[in-house]
Amino acid sequence: MRPEIKRVLVCSAWPYGSGVPHLGNLIACLLSGDVFTRFYRMLGYETLHVSGTDAHGTRIEYEAHRRGISPKELVEAVHARILDIIRGFDIAIDNYTITESPVHIEFVTEIYRQMDANGYIFSREEERAYCNGCDRFLADRFIVGTCPYCGYPNALGNQCEACGRLLEPEQLLTPRCAFCGSTDIVRRKTRHWYLDLEKLAPRILEYVRGRDFRGNVKLFTERMIEAGLRPRAVTRDISWGIPAPFAGAEGKVIYVWAEAALGYVSATIEHFRRQGDEEGWKRFWFGDEVWQVYTQGKDNIPFHTIFFPAQLIASGQGYHLPDQIAATEYLNWVGGESFSKTRRVGIYADEALELLPPVYWRFYLLYHRPETADVNFSWEDFDRTINAVFVNNIANFVHRVLSFVWSKFGGSVPDVPTEGAVRDEIERVYGRVLRHVEEGSLASALKEVAALSVFGNEYFQHKAPWQTGDEEAVASAAHLAKAIAILLEPFVPSFAAGVLDTMGIGPHGLADALQGAAGTELSRKPTPPLEHVDVEDLKRRYREMKEEGLIGIEEFQKVELVVGRIVSVEEIPGADKLYKLTLDLGDRKAQAVAGIKRYYRREELVGKLVAVVANLKPATIRGVRSECMILAAADGTLAVLTPDREVRPGTRIR
């Protein structure tokens with residue numbers, strides 16, 4: 001850290017407002033940001049941690065459409081859940097905001113006007129995919145089709161999830177609209193505005209060369225620069241987002257990638273504005289007395305090393321540019337599977353809090369933070385990390401030492417200095433922890449503290465003060481317990497607080513780990529700071545959680561699924577979505593009320609074979625008795641399910 005540094009700004013990448021983060025998201029962004037924040041604050045720096053919910057983009061607009069709610073309703077609900085997760089995991093953050101914030105919208109509008117005035121924004125006319133079925137341009141996730149590279153049939157308009165290639169909507173083969181299902185997709189002229197990265201390239205290169213980027217950050221950034229920086233669109237033809245502030249751009253919004261990172265600045269402004277300080281934010285965004293740390297996954301690296309700095313440079317305001325990009329590789333689920341809510345794979349942050357107290361998850365995630373390669377979660381690693389390292393090594397050592405002080409010395413640590421060899425080991429580990437954190441290697445720093453506990457256990461066992469009465473050994477062991485707790489505080493603050501409170505240690509900084517424990521008076525009788533985790537029971541509860549809402553084959557077999565033929569279709573007075581259907585089910589006739597009027601004409605349905613749930617309890621809808629239900633697929637449009645060849649009405653579907 002440069003000697004002139006007085007303050008640290010920690011910026012954690014913004015979780016998407018389409019759903020809660022999983023454990024991999026959590027360790028990459030908010031949890032890592034929390035550790036940096038606590039660490040630098042304990043070193044005495046004025047420290048600020050900001051982040052927020054990324055509320056815009058096609059992902060949110062489409063997900064809201066799928067759920068039948070507005071984008072605003074979706075992101076407000078998700079934002080509230082993420083705030084609960086932040087509190088649950090004891091994440092230290094000064095302002096967790098949202099990109100729907102008026103302060104953010106105001107700042108984004110202003111900085112794009114500055115970029116435009118400085119000549120770094122230009123527009124051009126181009127042809128983009130357009131759906132004639134629902135009259136809209138199909139950006140990113142609004143369009144689905146076959147990947148031109150690997151042939152995956154459900155690739156999205158911005159990326160193929162099968163092969164990972166970045167795509168443009170116009171590249172998709174056999175495209176269809178994600179909203180209405182129409183394949184009537186044409187190319188229509190539109191105008192978009194671009195950030196001229198090519199024009200900014202010399203200054204971006206100068207910035208990158210002036211930073212000590214390492215590992216995956218250096219690799220990703222250099223690859224992109226070597227490939228050549230090309231202008232990148234900053235507008236989209238969608239309705240949900242921040243209105244583009246350029247002349248002639250009415251009806252367009254700023255593309256989500258082009259405004260989310262700007263939230264780091266607006267969140268800082270918002271934080272100080274709430275305190276009645278309109279100028280305070282500038283201390284963290286101008287000059288050389290600030291150090292900026294950014295936490296995110298590796299997929300976000302180019303946005304933080306190239307695009308975001310380019311925006312700040314283009315504004316011409318002289319902003320301080322990012323210093324440290326502490327990016328992780330991916331944390332995947334067991335066997336390398338990707339986390340998925342729909343496939344019920346992996347643990348999400350809200351689920352983790354239901355399964356175990358957060359202190360265990362914090363320790364495991366930070367101990368295995370994927371810093372040099374992707375990491376796969378495994379129950380065996382979880383067992384070893386929590387029970388062998390955290391409980392049996394660290395917690396047991398601390399409790400063993402403090403209990404000995406309580407029982408043999410009346411709760412008072414002998415007033416003698418720490419043994420030289422122990423003091424040297426604490427100082428060595430302290431220095432290595434500082435270096436690892438400043439380099440962005442949180443897992444390495446945590447493992448240094450765990451190794452100090454191994455040293456402590458071996459030292460205490462070797463000295464055996466219960467046999468020798470060696471007061472120096474007891475004071476030295478107590479110093480080790482104190483140092484371990486203080487060094488662990490940024491990682492597992494609740495564990496550290498319990499230990500330090502038992503030791504009667506009040507306000508402290510990180511450097512207090514170097515100060516001995518001689519004469520310390522314990523405030524209470526020590527109790528075990530952690531309980532052993534029954535991992536087999538944890539796995540069982542995880543399985544039960546993932547199976548919740550699923551049905552067994554016996555229950556499914558109770559559903560009578562048959563093929564029925566629609567005999568007649570009648571209008572229902574006053575109902576614009578419903579038909580009354582009479583169906584031949586083979587052994588009987590039954591009637592159903594079906595919400596398919598907007599998708600089928602009556603004559604299209606008469607005589608059609610359809611899939612039917614034949615044993616539903618009757619219900620009365622709009623005064624009409626409905627005795628069964630026809631099945632249909634809904635994906636923007638609606639299609640009733642039919643057999644692919646003629647079969648007899650009443651045939652059982654198996």
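## Helix packing and a surface patch: worked exercises

In helix H14, Val422, Ile426, Val429 and Tyr430 touch Ser476, His479, Leu480, Ala483 and Leu487 of helix H17. Keep in mind that this model is predicted.

**Exercise 1.** Work out how the axes of H14 and H17 are oriented and what classes of residue make up their contact.

*Solution.* Start with the two stretches: H14 covers residues 420-438 and H17 covers residues 471-488. Their axes come within 10 Å and cross at roughly 10°. Angles under 35 degrees count as roughly parallel, so H14 is roughly parallel to H17. Now sort the contact residues by class: 7 are nonpolar, 2 are polar and none is charged.

**Exercise 2.** Do the same for helices H12 and H13, and list the residues through which they meet.

*Solution.* H12 spans residues 358-367, and H13 spans residues 379-409. Their axes lie 10 Å apart, at an angle of about 110°. The range of 65 to 115 degrees counts as roughly perpendicular, which means H12 is roughly perpendicular to H13. From H12, the contact takes in Val359, Tyr360, Trp361, Phe363, Tyr364 and Tyr367. From H13 come Asp381, Phe382, Thr385, Ile386, Val389, Phe390, Val391 and Ile394. By class, this contact has 12 nonpolar residues, 1 polar and 1 charged.

**Exercise 3.** Find the residues of the nonpolar surface patch that includes Ile553, and place Ile553 in its helix.

*Solution.* First, the members: Ile551, Ile553, Phe556 and Val559 form the patch. Together they have about 350 Å² of accessible area. Next, the helix: Ile553 belongs to H20, which runs over residues 553-556.

Terms used:
Residues numbered from 1 in each chain as written. Predicted model: local features only at pLDDT ≥ 70, side-chain atom pairs only at ≥ 80, totals over all residues. Heavy atoms only, no water. Patch = residues over 30% accessible without salt bridge, like charges linked within 9 Å, V, L, I, M, F, W, Y side chains within 5 Å. Areas by Shrake-Rupley, 256 points an atom, 1.4 Å probe, with all protein chains shown as cover. Salt bridge = Lys/Arg side-chain N within 4 Å of Asp/Glu carboxyl O. Helix = DSSP H or I, 4+ residues; strand = E, 2+ residues; numbered from the N terminus. Axes fitted to C-alpha atoms, helices over the stretch in contact; angles between N-to-C directions. Parallel < 35°, antiparallel > 145°, perpendicular 65-115°, else oblique. Contact = heavy atoms within 4.5 Å. Nonpolar A, V, L, I, M, F, W, Y, C, P; charged D, E, K, R; others polar.
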